[in-house]
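This report looks at a metal site and at pairs of aromatic rings. Please keep the sequence and the structure in view while reading.

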Amino acid sequence: MSDTIILAIESSCDETAAAVARNDTEILSNIVSSQIDVHKDFGGVVPEVASRIHVENISAVIDEALKQANVKPSDLDAIAVTQGPGLIGSLHVGVQAAKTLAWAFSKPLVPVHHIAGHIYANALVTKLEFPLLALVVSGGHTELVYMKDEWSFEILGTTQDDAIGEAGDKVGRVLKLPYPGGVYVDRLAKQGKNIYPLAKPKTQNELDFSFSGLKSSVLQFIDRCERKQMSFEPADLACSYQECALQELLDPTRSALKQYRPKMMVLAGGVAANSRLRELVEQDLSREFADVSFVIPPLSCCTDNAAMIAVAGSVAYRHGVRGDFSLTADPGMELCVDSEASNQ
Ligand code: KG4
Ligand code: ZN
């Protein structure tokens, strides 16, 4: 059988990225141009600025991905692109670039859901086994996704308010850490102790999550200390927040593992880079659920990149997912249940 070569483009938030994959998981190139240095001065992603920088960088990023992969556009089998969810202006740039290339070189267009990309990043380290449970934790998402089979997605639980990454970035901001705060809270927490009592999140459904109460509890704690002119130890607060947030993440995950008994569980999304979460999954969960294999994506593939879209795009391509030239960015895109539903 001949090789399948896919070019993937990702521009859903503040990373302009392109990658080339051969036969699903052999990554021939993976180029990411990050805008973090620009947005950190604003303490968060400014959508208008993000889309303008995507426009400036997208051609060079795609060129470089093809060059490093030593692939010509005519060698490609398909062009995959993140259609959503994400920032509309940012997504639009990637979708237009993909449509232009697909038209110019007469190649099939494969729209990909960003979260499917995060989940399939795990295929870069191991062969995925189904049924599979994915804990998706990023700046915009906190979800438990059940995959009965390849390219079949069912959302079991989701956050009722903030995503865990968003809450971590906010806590980082009030602790006066650089943007995006998640990784700095992670580092600071290592030097602290879990000693401050914070509000435990509550949800009605045991597979759902909630982080806004916990986030507010951190803000109120700092506010109270300032009003009473009491000092507090930032490392202890970072550690107390993180332990509480991760507990909130793992309780519904345990319930889902008990109820659904998957063969494999994977972590997905930017927060999968969290060192304490990785430790808790590797040590505690894998001991409690010895018959499940636990997979954690490589650090380089946790945060947004196009290699993950290339892997998911290759699987989608095999499942017959196609987009035509009427394809548009879908900022609120749903994770489709099966390949039929994702056909454009
Ligand atoms: O997946 P991603 O790159 O973008 C979205 O799709 O949202 O995730 C970005 C999120 C940010 O909130 C960032 O602070 C968080 O992932 N993050 C972390 C760590 N590294 C990145 N959060 C906690 N600990 C980390 N080590
Ligand atoms: Zn992401």
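## The zinc site

H114 and D304 are both buried in this model, which is a predicted one. Together with H118, these residues coordinate the zinc ion (ligand 2): H114 and H118 each do so through NE2, and D304 through OD, at 2.0 to 2.1 Å.

Along the sequence, the donor residues of the zinc ion (ligand 2) follow the spacing H-x3-H-x185-D. Because H114 lies in helix α4 while D304 lies in the loop between β10 (293-295) and α10 (307-318), this pair ties together parts that are 190 residues apart in sequence.

## Aromatic pairs

A pair of aromatic rings is described by the distance of the centres and the angle of the planes. When rings are paired if their centres lie within 6.5 Å, the count comes to six aromatic pairs. In one of them, the rings of Y120 and W151 have centres 5.7 Å apart and planes at 35°, so the pair is tilted. This pair links distant parts of the chain, since Y120 belongs to helix α4 (residues 114-120) and W151 to the loop between β7 (142-147) and β8 (154-158), 31 residues apart. Both Y120 and W151 are buried, and with F153 they form one aromatic cluster.

The rings of Y146 and Y260 also form a tilted pair, because their centres are 4.9 Å apart and their planes stand at 50°. Y146 lies in strand β7 and Y260 in helix α8 (residues 234-260), so the pair ties together parts that are 114 residues apart in sequence. Y146 is buried, with a relative accessible area of 11%, whereas Y260, at 28% relative accessibility, counts as partly exposed.

Key:
Residues are numbered from 1 along each chain as its sequence is written. Chains are lettered from A and ligands numbered from 1 in the order in which they are written. This is a predicted model: local features need pLDDT of at least 70, side-chain atom pairs count only at pLDDT 80 or more; totals for chains, interfaces and linings use all residues. Side-chain values use heavy atoms; hydrogens and water are left out. Rings of Phe, Tyr and Trp (its six-membered ring) pair if their centres lie within 6.5 Å; planes under 30 degrees apart count as stacked, over 60 as edge-to-face and the rest as tilted. Helices (H or I, at least four residues) and strands (E, at least two) are DSSP runs, numbered from the N terminus. Buried means under 20% relative accessible area, exposed over 50%, partly exposed in between (1.4 Å probe, protein chains only). Donors are N, O and S atoms within 2.8 Å of the metal (3.2 Å for Na, K and Ca); water is not among the atoms, so sites may look incomplete.
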